[in-house]
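Visitor: I should like to take a close look at a single part of this structure. Please describe its surroundings in one connected account.

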2 protein chains.
Amino acid sequence: MAEDSQNWVLMVTAQTPTNIAVIKYWGKRDETLILPVNDSISVTLDPNHLCTTTTVAVSPAFNQDRMWLNGKEISLSGGRFQSCLREIRARACDVEDTKKGVKITKEDWSKLHVHIASYNNFPTAAGLASSAAGFACLVYALGKLMNVKEDNSQLSAIARQGSGSACRSLFGGFVKWIMGKEENGSDSLAVQLADEKHWDDLVIVIAVVSSRQKETSSTSGMRETVETSLLLQHRAKEVVPKRILQMEEAIRNRDFASFSQLTCTDSNQFHAVCLDTSPPIFYMNDTSHRIISIVEKWNRSEEAPQVAYTFDAGPNAVLIARNRKAATILIQKLLYYFPPNSDDLDSYIIGDKSIAKDAGINGIQDIEALPPPSEIKDKIPSQKYKGDVSYFICTRPGRGPAVLSDESQALLNSENGLPK
Amino acid sequence: MAEDSQNWVLMVTAQTPTNIAVIKYWGKRDETLILPVNDSISVTLDPNHLCTTTTVAVSPAFNQDRMWLNGKEISLSGGRFQSCLREIRARACDVEDTKKGVKITKEDWSKLHVHIASYNNFPTAAGLASSAAGFACLVYALGKLMNVKEDNSQLSAIARQGSGSACRSLFGGFVKWIMGKEENGSDSLAVQLADEKHWDDLVIVIAVVSSRQKETSSTSGMRETVETSLLLQHRAKEVVPKRILQMEEAIRNRDFASFSQLTCTDSNQFHAVCLDTSPPIFYMNDTSHRIISIVEKWNRSEEAPQVAYTFDAGPNAVLIARNRKAATILIQKLLYYFPPNSDDLDSYIIGDKSIAKDAGINGIQDIEALPPPSEIKDKIPSQKYKGDVSYFICTRPGRGPAVLSDESQALLNSENGLPK
């Protein structure tokens, strides 16, 4: 421990991406350890557009563990936070900061308290897997602070205990969460299938869908599905294992046709088992259905699929375009059907704005001038659904967690360890 | 054949109910013979509110088979009509009408042509199984005209070849369509489980839901599900057989709790396999989902379920209330959330209007005065969805096919066999 003073604060700031499953995780075989009923595969999203930044700090002056999420203090008493803190502390090692003259031994960590500040660069309420990026970042940052020697896969098994899908945010690119067999969950962890450079044609457009409904949380939703759906076990045991192998091969070969077909059918099957739950769970709404129809109609009008869709536990569509060309056409089609409610285009298309520019969309008048998608020509003039999409985020597959060494990006004050 | 004249016309008019499946039929193992992948069970709806009336006529003056549906001539060249006509003709027997001095022998029928006029007392486009009632009525009426000796179960195997669910409209009350094992379909037919008097507490409210979407026809929808869903076979082979036994027992014992639970979960599972189809099929929309939520919330707030819901290949809700008391509360709740778009209450609640009267609804002002359902009290004031339901039909389980002897109800002119 520090020899002479209680005044030092040691800090680490890290950034962790969110991820979107293309073979879905739905259903736990162990609620406490968060062990899933099947493997899942995800694509990591570019942290430039969607990520969590977390600063963790330790100081002998702290008298309890505390956490601030998006600037507001939240309780750490929940079992999930406690699991992550306990597991990380148990793996802490000696730390020395010669500049500050601080030395913390392995044993000291059990007596020291931490402060944690976390911030999402996207709306938490938008249903964009903020808890995945959040727990991944918490575990990753604490691991760095405490000089934990475990690799990211081993860290992922800790993050998993915070939020199942968090384990997949410990890597960039394409990630598999292996369900594991052990009762203690030690082999239920994430591995990287390929990094983000392996398949860098892909472009991702997220449609954040307006919703008036309060949604079932994924925790209680998947518990109810496990308890009541007569289709879930068949999905988990018979359908998913084959799809995992096919999806791994599709990613390996950058085979967009297979990737797209597997992604869409697995998203639909996940929502099917939600509907087979008693009482039924509806995450998709009419707008979600419309987006699916637009994509399906377009894909079928082309020789090969152009875009895959997938929906998590909410109405938002995550659309994965085979390349930049397909993404520009996609954004034109989406803007045709879902024009913005206001003139503020800048807040209607966020993230990588160059996609919209490439699509010739520089202002509202460009949206108004969009022709109807060719695949619906000669049919009855199609309806438009102004206001049914809140905004679009343009992004791409991205990298895994990283430490931010620039202290100006820290969320805690280096003097007192409190939020800046 | 008639000895001396070509001028006679022999006619029969029959009325056949529609039915709503409570254990669903979805998926054929033989497309031509219309053989299903699982048994199904339905409730026959009171023909006073929903039925098809069909007049069939024969005359040596007719030079071809012709049909009029709701006053408009339609083609009989389709395979399904031809199957029904061929099968019924093959079973025709001697017919003698002494009053008219007409004698038709078994052999004559193959040379005689028929005229058919059919009329639904409900909107054909409303997605209320008009083809079920229609084919059942066609086969039943022709069977009477041609003095076919087969019983209604045997006739149901013919109606089945027109429209699968038509076979269940040959009986009143509670009906099971046995899928059968024979390749020729001879044992795929309907049997009555109990007549409509067996459980006469039940009251049925149908919410005809406004929809802007064109729906997938059930014929192509179920074909696509059979071809692409990885969950359908599990449903057909593992789930439905057990549910059929449980549903038969629930009906036998008038056990509404079991009946309701089976009805709701089976409807949801049918829509789940539709969603598991590639491309996915959505029959329910946001309004359907809302109705489910209203019913689920209410059922869970009571000691025992009050209402079961079931949805066919469209967004309309068929709600089965345990008794008249529950039905009046149900109609209050539905009118609270879904007030009519216009002041014309008379066309907003059709069928058995006494249910609304019992619920104290005599005019628009009574709807406006309805208090929020008690189960949502203390929560945020609930939204209303004016215009999202087109109209309600109040009805009950009803009787099977019947011959209408009153000639004024015939749809064809007894002189020339043309539509009146």
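Guide: The account below turns to strand 6 of chain B, then to the cysteines and to helix 1 of chain B.

This is a predicted model in which local features need pLDDT of at least 70 and side-chain atom pairs count only at pLDDT 80 or more, while totals for chains, interfaces and linings use all residues. Residues are numbered from 1 along each chain as its sequence is written, chains are lettered from A and ligands numbered from 1 in the order in which they are written, and side-chain values use heavy atoms, leaving out hydrogens and water.

B:Thr53 lies in strand 6 (residues 51-59) of chain B; helices (H or I, at least four residues) and strands (E, at least two) are DSSP runs numbered from the N terminus. With a relative accessible area of 10%, B:Thr53 is buried, a term for under 20% relative accessible area, with exposed over 50% and partly exposed in between (1.4 Å probe, protein chains only). Beyond its neighbours within four places in sequence, the contacts of B:Thr53 include B:Thr13, B:Tyr119, B:Cys137 and B:Leu411, contact being heavy atoms within 4.5 Å.

B:Cys51 is buried as well, at 2% relative accessible area. The closest cysteine sulfur to that of B:Cys51 belongs to B:Cys137, 7.6 Å away and too far for a bond. Over all chains, a search of the whole structure finds zero disulfides, that is, pairs of cysteine sulfur atoms within 2.5 Å.

In helix 1 (residues 79-89) of chain B, the buried residues include B:Phe81, B:Cys84 and B:Ile88. Among the elements covering the buried residues of this helix are strand 11 (113-120) and helix 2 (130-145) of chain B.
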